Amino acid sequence: MPSPPEVERFISRLEGRVAPVEKTVREAWWSLATTGTQEAQGELVRAGKEYNRLFADRDEYEKIRGWYEERDSLDDPLLRRQIEVIYRMFSGRQGDGEILDRIEELEARANTIFGNHRGVVGGRKVGENEIREILRFSDDDALRREAWEASKTLGREVEGVVRELARLRNRLAREAGYPDHYHRSLDLQEIGTGELGGIMSHLESATDAPFKDLKEDTDGKLKERFGVEAVMPWHLSDPFFQSCKHDPIAPPRQASRGNSGGASGTGDGGLMSEQNSDATLASGVDVDRFFRDKDLKELTRKTYDSMGLEVRDVLAKSDLYEREGKSQHGFCLSVGREYPYDVRVLVNVRPDSYWMDTMLHEFGHAVYDKHINPRLPYFLRAVAHTCTTEAIALMMGSLVDDPTWLSAIAGVSEVELGEISEHLLLRERADRLVFIRWALVMFNFERELYADPEREDLNSLWWDLVERLQLVKRPPGRDEPDWAAKIHVAVAPVYYHNYVLGNLISAQLRGHLEAHVTHGPFYENEVAGRYLVEAFFGPGARETWRDTVLRATGEEINPDYFVNLLR
Ligand SMILES: [Zn+2]
């Protein structure tokens, strides 16, 4: 049986070793993301290796594993939980030192490729924002196709790195007695493969019929808009069809018009009256216009203010606007674990709905990070789980389509909203459906990838899944590593399910907040912030994600809250 004083001494020495290096790694990550320089990449690799070495000692690992196996004999729940967390930190970094270093290098290389890659459209290098805009707004079939293909050229560049990463990750997993990295990774994330598989197949069958209807309806409108016989991937507004916010998810009245209206874009009155390439025509409603003259930073502050959560400190440390060499994605980063916490957000804000969503999302992560109880022991001063922090981020990001939020916080007039409130709700439902089907592709693909990273038909495996689950046709004869163009496959492997669980928890949490805590929109009530700090953020990693969900919502994770939103 572990002796508590011995365990405590060990943990305290470990904290002394880990804290400074962890902070250096985070600083290096920030520096690479904000500058994209070679030096920054070198520093991240160096710090990352140093960090991994802190957990490499085999004797220490065996000692902790012994404690882990006998942890139930400890009376102190905090000590027990620290052993669980530390055991996983060690366990995730056991293995051949050369392999670990190589993985670190390859992930850094993949990050640099993703950060610096620019596709070519019309002979010009373009960034992701530009490709996204072409796919949203352009009516030029050839240009759309070129932009879509440009978004995928990255796949070839990074494919070799991704395959090698998968091989190396599998070697580590097998050394540790797992069938492959997929199984090891889920175990280290405290998620059962059977439990997750069950949730995923439940979601697949619950979304089969509504998704098919949605896709058929959308395809009909896209065919009309582009005058084509078959809808190809580049007719959709998102390169991976992971979102449909800018596709024509029509409210019923637009659907009936579309069917009777003949040629598209002819003056049809009302919502359809604006001509041609505007998003109004593309999606039935131009939601970007709500944000065109707005200060997204200000709206973010206002949203969190109204929940009683302070974000000015985070805003002041954040990197908000586009710049050459800067990472094109959005993320939130906590640097070190000393109070007051140093929490920062990186985004590339443009005044549109996508970036408003991203701002609210990343600041959702930020308010969680900054409200973790600073009196917790070092190793428990973290979020309970990736899926719990995603839940908050998703709950906040989805406000961009909430008519009440748009009017109360974003200052959109009732007159403007009246017409489209219903449409926004349909759009949000559609977007959830589309996201789940896309996440099922990622989930199934990665499971297969790790089962056999050597297989030669990964390109067609990817498209088989896309065709079956997303009902998107593969371009005839296409045999490209399109799967490798998704950054998660390279640097955030076996991670996507966290967004799915995040969505489920988000729906469950919002339901609970509004039914039992705020008795109205949660974002208009300071009680929501207090409740979240108390019941969700504050406890940090003191409890597992399951216990966090149970404490904050009064029941175990229950996918039905989310599924009900899809009806
Ligand atoms: Zn997130």
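This passage walks through selected local features of the structure shown above, beginning with one helix and ending with a few unusual backbone positions.

The model is predicted, so local features are reported at pLDDT of at least 70 and side-chain atom pairs only at pLDDT 80 or more, while totals for chains, interfaces and linings use all residues. Residues are numbered from 1 along each chain as its sequence is written, and side-chain values rest on heavy atoms, with hydrogens and water left out.

Helices and strands are DSSP runs numbered from the N terminus, with helices (H or I) of at least four residues and strands (E) of at least two. Helix 3 spans residues 58–69; its twelve residues reach 16 Å from the first C-alpha to the last, close to the 16 Å expected at 1.5 Å a residue (the expected span is 1.5 Å times one less than the number of residues). Buried residues are those under 20% relative accessible area, exposed ones are over 50%, and partly exposed ones fall in between, using a 1.4 Å probe and protein chains only. By this measure Glu60, Tyr61, Ile64, Trp67 and Tyr68 of helix 3 are buried. They sit on the same side of helix 3 because they cover an arc of only 120 degrees around the axis, taken from the directions from the helix axis to the C-beta atoms. On the face turned away from that buried side are the exposed residues Asp59 and Glu69. The cover over the buried residues includes helix 1 (4–35) and helix 4 (77–91), where contact means heavy atoms within 4.5 Å. At the N-terminal end, Asp57 caps helix 3, with a side-chain oxygen 2.9 Å from the backbone nitrogen of Asp59.

A pair of strands comes next. Strand 3 (residues 331–335) and strand 4 run antiparallel and are joined by five bridges; two strands count as paired if DSSP finds at least two bridges between them. One of the pairings places Phe331 opposite its bridge partner Leu346 in strand 4. Strand 4 (residues 342–346) is largely enclosed by the rest of the structure, because five of its five residues are buried. In a regular strand, side chains alternate between the two faces of the sheet. Here Asp342, Arg344 and Leu346 point one way from strand 4, and Val343 and Val345 point the other way. The hairpin has six residues between the strands, and Gly336 takes a positive phi near 80 degrees. Pro340 also belongs to the loop between strand 3 and strand 4, and the peptide bond leading to Pro340 from Tyr339 is cis, with omega near -5 degrees.

Arg478 lies in the loop between helix 19 (458–470) and helix 20 (487–491), yet Arg478 is buried, at 18% relative accessible area. Leaving aside residues up to four places away in sequence, Arg478 touches Trp148, Glu149, Lys152 and Trp463. Leu471, in the loop between helix 19 and helix 20, has a positive phi of about 55 degrees although it is not a glycine; Leu471 is partly exposed, at 33% relative accessibility. Phe241 likewise has a positive phi of about 55 degrees without being a glycine. Phe241 is found in the loop between helix 9 (193–226) and helix 10 (252–260) and is buried, at 4% relative accessibility.

Finally, the structure holds zero disulfides, a disulfide being a pair of cysteine sulfur atoms within 2.5 Å. For Cys332, the nearest cysteine sulfur is that of Cys387, 17 Å away.

Note on methods: Polar contact = N/O pair within 3.5 Å; in protein donor to acceptor, adjacent residues only side chain to side chain.
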